[in-house]
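Here are some exercises to work through with the model open beside you. Try each task before reading its solution.

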Amino acid sequence: MSTDKKVIVVPKRLSGEKLERIQLPHPRTEELCSYYIDNSTETVLEVVTVDMKGKRSWLGDGWVHSNGSLHMLTPIDPLFIYLTLITQQSQTKDDWKFVDIDSLGLESPFIGKFVKMQGLKQKALDKLCDFRQISEDVCVAKIDVDKVIRWLKNKCAAERMPKVLESYVSEFENDELKEQARIREMTLLVSEYLLPFWNGKLFKEYGGFVKVCDSEKLAAKAASAVIYDAPESYTPGIAPPSKAGSKQEKPKTAKERQLEKAASKSKPITSFFQKKKAD
């Protein structure tokens, strides 16, 4: 049995609870990832790792762990996971089909535990699905696209944007563009938990944020304009005719600059075979 130690930061309200580690498909990549669930509150936590391997170590009470990575458990809306699970089973080439919601748990015992959380399952049915109660024990459901888009747009509301991202929208001139920019930032955050199908649907719903993108292009064009104080042109922001159509060089990366500097100081291999001049 592995005795590898890990330092895990848990939300204070759950630190005294017994959390169970399970593996569920990531909502976007569909790859199995570690999650922790609290069955009593039907809370699902994802594992976020700050990788410090090889750079830091942990010192504990009588132990030293060479891997200084930090693992944090952060709450995730489980409906993102439900959306992926139901989409996988319900989507057909042309439409959506009804599936037995409990059959989702047949794929793995971990998914079985996940879908047995009754309150969470009912929330997924209400927010994401068109469902039918066939009998007391059998419920079938299929994706309701309108419900899903409504739920996703609520997730992307401008007022939900974290303040730490405010610097990304402060550059826009008017309130309308700032509002759209906030929604776009939230859409980009939410898209980290969406299948490409739903990501495309969501961006299309907002028209691809054309106004925000156009504003950014104009700002970038203005910033790149060069003011020449030369006889060729006396109009600020207009380049001389010979340079107006020239293509701007792409800025070099730090690695390219480092290699260029090293090359300038190197000698050709033939220099090592030249005869030394007598003193």
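Two strands pair if DSSP finds at least two bridges between them. Helices (H or I, at least four residues) and strands (E, at least two) are DSSP runs, numbered from the N terminus. The structure is a predicted model, in which local features need pLDDT of at least 70, side-chain atom pairs count only at pLDDT 80 or more, and totals for chains, interfaces and linings use all residues. Residues are numbered from 1 along each chain as its sequence is written, and side-chain values use heavy atoms, with hydrogens and water left out.

**Exercise 1. Find how β9 and β10 are joined, and place them in their sheet.**

Step 1. Start with the connection: β9 and β10 form a hairpin with 5 residues between them.

Step 2. Now look at the pairing. β9 is joined to β10 (residues 139-143) by 5 bridges, and the two run antiparallel. Q133 stands opposite C139 of β10, while R132 stands opposite V140.

Step 3. Widen the view to the open sheet, whose 3 strands are ordered β8-β10-β9 with antiparallel pairing. Its edges are β8 (99-100) and β9 (129-133), each of which pairs on one side only.

Step 4. Finally, add the helix: α3 (residues 118-128) lies across β9 and β10, running at about 120° to β9.

**Exercise 2. Describe the hairpin of β2 and β3.**

Step 1. Strand β2 (residues 20-25) and strand β3 (residues 32-38) run antiparallel and are joined by 6 bridges. I22 has Y35 in β3 as its bridge partner.

Step 2. Turn to the link, with 6 residues between the strands, where E30 takes a positive phi near 70°.

**Exercise 3. Work out how α1 packs with α4 and with α3.**

Step 1. You will need axes, which are lines fitted to C-alpha atoms, for helices over the stretch in contact; angles run from 0 to 180 degrees between N-to-C directions. Angles under 35 degrees count as roughly parallel, over 145 as roughly antiparallel, 65 to 115 as roughly perpendicular and the rest as oblique. A crossing is left-handed if the near helix is turned anticlockwise from the far one by less than a right angle, and right-handed if clockwise.

Step 2. Helix α1 (residues 79-90) and helix α4 (residues 145-155) pack at about 150°, with axes 13 Å apart. These two helices are therefore roughly antiparallel, and their crossing is left-handed.

Step 3. In the contact (heavy atoms within 4.5 Å), L79, F80 and L83 of α1 meet V148, W151, L152 and K155 of α4. These divide into 6 nonpolar, no polar and 1 charged. Here Ala, Val, Leu, Ile, Met, Phe, Trp, Tyr, Cys and Pro count as nonpolar, Asp, Glu, Lys and Arg as charged, and the others, Gly among them, as polar.

Step 4. For α1 and α3 the angle is about 70° and the axes are 10 Å apart. This pair is therefore roughly perpendicular, with a right-handed crossing. L79, Y82 and L83 of α1 make the contact with L120, K121, K123, A124, K127 and L128 of α3. By class, that gives 6 nonpolar, no polar and 3 charged residues.

**Exercise 4. Locate S57 and list its contacts.**

Step 1. S57 is in the loop between β4 (43-50) and β5 (58-59).

Step 2. Leaving aside neighbours within four places in sequence, S57 is in contact with H65, S66 and G68. The C-alpha atoms of S57 and G68 are 4.0 Å apart, although the residues are 11 apart in sequence.
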